[in-house]
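Open the model in your viewer and keep the selection box ready. The tour moves from one selection to the next.

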Amino acid sequence: MSQLLDNLNPEQLAAVTLPPQHALILAGAGSGKTRVLTTRIAWLIQNHHCSAQGILAVTFTNKAAKEMVARLSAMFPINTRGMWIGTFHGLCNRFLRAHHREAGLPQLFQILDSGDQLASIKRLLKALNVDDEKFPPKELQHFINGQKEAGIRPAAVEAWDDFTRRRVELYVEYEAQCQREAVVDFPELLLRSYELLERNEPIRRHYQARFRHILVDEFQDTNVLQYRWLSLLAGKGTEGGASLFCVGDDDQSIYRFRGAEVGNMRDFERDFRVGSVIRLEQNYRSHGNILDAANALIARNSKRLGKNLWTDRGAGEPVRIYEAFTDSDEARWIVEEIQSLVRDGMSRSDIALLYRSNAQSRVLEHQLFSSGVAYRVYGGLRFFERQEVKHALAYLRLINNPDDDTAFNRVVNFPTRGIGARSLETLQDAARTFNTPLYQTVPHLSGKPGTALGQFVGLIERLRQETANLPLHEIVEHVIERSGLSAHYKAEKEGQERLENLAELINAAANFSAEAGAAYEAEEGAVDGSALAGFLAHASLEAGDHQADAGSEAVQLMTVHAAKGLEFDAVFLSGLEEGLFPHENSILESDGLEEERRLMYVAMTRARQRLYISFTQSRMLHGQVRYNLRSRFLEEIPEGLTKWLTPPSPRRSFVSEPSTRYYNPGAAKPAMASMPPPPPMKSRDLGGLSIGQSVQHARFGDGVIVAAEGSGNDARVQVKFETAGAKWLMLAVAKLTPVG
DNA sequence: CTCGGGTAGCTTTTT
DNA sequence: GCTACCCGAG
């Protein structure tokens, strides 16, 4: 117990030992957030503030949940099984399985991942003969999920125009289809749970009485529905209930685009009259210069709860800045620098190469590859998203729940068994007529038992019977063999890797039985039903690691988003250019720039010892060479903390943005006068115009030149107009008048 | 049914 | 510039 609290700093200690009450912990990057969260749980239990059953801890990713459980078990022999620790979706799944009847779901309901959901929507639009040009499936998916995540059912959507009204109708149809097929999408897991808690008083009271302490990780990433779910569970006000312990960092809120609502932090303070806001500001990760640079940058954001990281580790090295001519030059320099770090003894896996968008990885990969530097890219397809794995899972899903039309469509003709679009269309039509799922419709088709479709149904029936009494991993193995998948990939030239993945799936099933089996059958029979159903839910809820040979001694490549929560000795931050970072799309969004700045803050605070920032004068993007200004974020890092590895060239003033008030060309260091002139690319003949120049156009109005290409008669400039958006204009044709 | 040619679109992502 | 997806030909 005394050991438990050893080495906590005063703020961490205060957070861990708060008396039971609502609390908001503002935990800066690298401030020991996870440690506080887990120690808090251990402290609560050891001091008899509650039993393990009284704890609910919720995270966003399976990784974070697993880490919490691992750290807790390492702390003291604790019954983690009794606790509810998991992701929002994982916990809601557990809840809905336990109360499926009250939630209006069959016990063996299946979970649709995003891809399944999209397929389901496409199928719906087709069946309803909806023009998918007018209603693009992706857009409809976004619409439906957006409504659900705001807690809005179709009847409550405010639809003022025909377009929205039609989308609401499709939302209704989609809900009906899911119900018919006994499937539940991700946001539905949340919404169903919320609604059930809300309308069913006995169940609500049961859980409110049970959970004494609710702990939330990455609270800044919660969406509206998640916050409401937490509020309901905590039972604020008359119903008594749990203490909410929310840990988050508003400066690291980078997921607004997927519904995260930072405002939840302020709302939480207000709604729950949070008396204690504790700031964890001591950083155990980075050296002083890196922290100071990050602090100075984030200080320019206006909407902050306020926080300043510090360290006692010393200033360390300056932030290194490098300007390259082209993206390949930038990549070449980065790889050379990496090689030199490795020569000096740094481990490749302690080096990260970060970028704003995935498209940037290609040039970097190319250079790493040709220099023979081992690297690893995060962000590809994940295990349970692979084609062959999804196919195998689809067979398993059909055994588990034949009404799952998404699974049916996926494998009815894979491997091919002569069931073409024609027969499927007939089947679809019949299914609509009889209002039955596809599987059940097959026997209705005018008594031809020998048809290919009939044989397919026969196959599934046979598989179900043959596997009825087998242990889980043998079910999986049997289905892979007897469905024809195995033979299909054996025959395929490139099938070897797929076969290995299928073998890995059998492994995963064996592991699942061994590990999760025990946990799942704990208390309340939360997930009974078959092991198969549990495994399928697991496969949907946890897409698996991003592949890439883990553990190998390799440089880590990923987007800044993917790097959140990670740390490295050396971090290379590439592509610090206007339009890329901050991304051009974000500049038009309200508060978009502040979110980009937070993203930059996250990126910088990943570095322990060395931070490199680079940008280029020209970059190939969307098949065009673009000439971008260097990012305004570079101007927001105080000069004394940086070291330019190339001579800093003057940044053209960025006319349309108020942030330039921080940039004062007049105050340029005298040394700049002796710097070499800007390289030739910048001095291209634009008829007296330059990048950054404000111009006027007769039709499009006022704008700023943001890029240029070609020369002479072919010279073109890209102008970002205030109202008309970005346009490429031929200088020889367009009449542009310089302004100012 | 499979292959390949043509074309639209292109920030970030977990569950 | 790349790629994912759609459609038409074989």
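Contact here means heavy atoms within 4.5 Å. This is a predicted model, where local features need pLDDT of at least 70, side-chain atom pairs count only at pLDDT 80 or more, and totals for chains, interfaces and linings use all residues. Residues are numbered from 1 along each chain as its sequence is written, chains are lettered from A and ligands numbered from 1 in the order in which they are written, and side-chain values use heavy atoms, with hydrogens and water left out.

**Stop 1: Asn-223.** Select Asn-223, in the loop between strand E6 (213-216) and helix H11 (224-234). Helices (H or I, at least four residues) and strands (E, at least two) are DSSP runs, numbered from the N terminus. Asn-223 counts as buried because its relative accessibility is 8%; the cut-off is under 20% relative accessible area (1.4 Å probe, protein chains only). Its side chain reaches the backbone nitrogen of Leu-225 at 3.1 Å. Now show its contacts, leaving aside neighbours within four places in sequence: Glu-149, Gly-259, Ala-260, Glu-261 and Asn-264.

**Stop 2: helix H14.** Select residues 327-343, the 17 residues of H14. The expected span is 1.5 Å times one less than the number of residues. That gives 24 Å, and the end C-alpha atoms are 24 Å apart, so the two agree. Colour the buried residues, among them Trp-333, Ile-334, Ile-338 and Leu-341. Which strands and helix do they pack against? Look for strands E9 (319-326), E10 (351-355), E12 (555-559), E13 (568-573) and E14 (607-621), plus helix H15 (361-370). After H14, click Gly-345: its phi is positive, near 105°.

**Stop 3: DNA strand B.** Show residues with a heavy atom within 4 Å of the strand. There are 27 around DNA strand B, and the closest are Asn-62, Ser-114, Asn-358, Asn-413 and Thr-559. By class, this surface has 6 nonpolar, 16 polar and 5 charged residues. Of the strand B atoms within 4 Å of the protein, 60% belong to sugar or phosphate and the rest to bases. Zoom in on Asn-358: a backbone N or O atom lies 2.6 Å from a phosphate oxygen of strand B. At His-89, a side-chain N or O atom is 3.4 Å from a base oxygen of strand B.

**Stop 4: DNA strand C.** Which residues surround DNA strand C? Select Arg-362, Met-620, His-622 and Gly-623. Of the strand C atoms within 4 Å of the protein, 40% belong to sugar or phosphate and the rest to bases.

Key: Polar contact = N/O pair within 3.5 Å; in protein donor to acceptor, adjacent residues only side chain to side chain. Nonpolar A, V, L, I, M, F, W, Y, C, P; charged D, E, K, R; others polar. Buried < 20%, exposed > 50% of the residue type's maximum accessible area, 1.4 Å probe, protein only.
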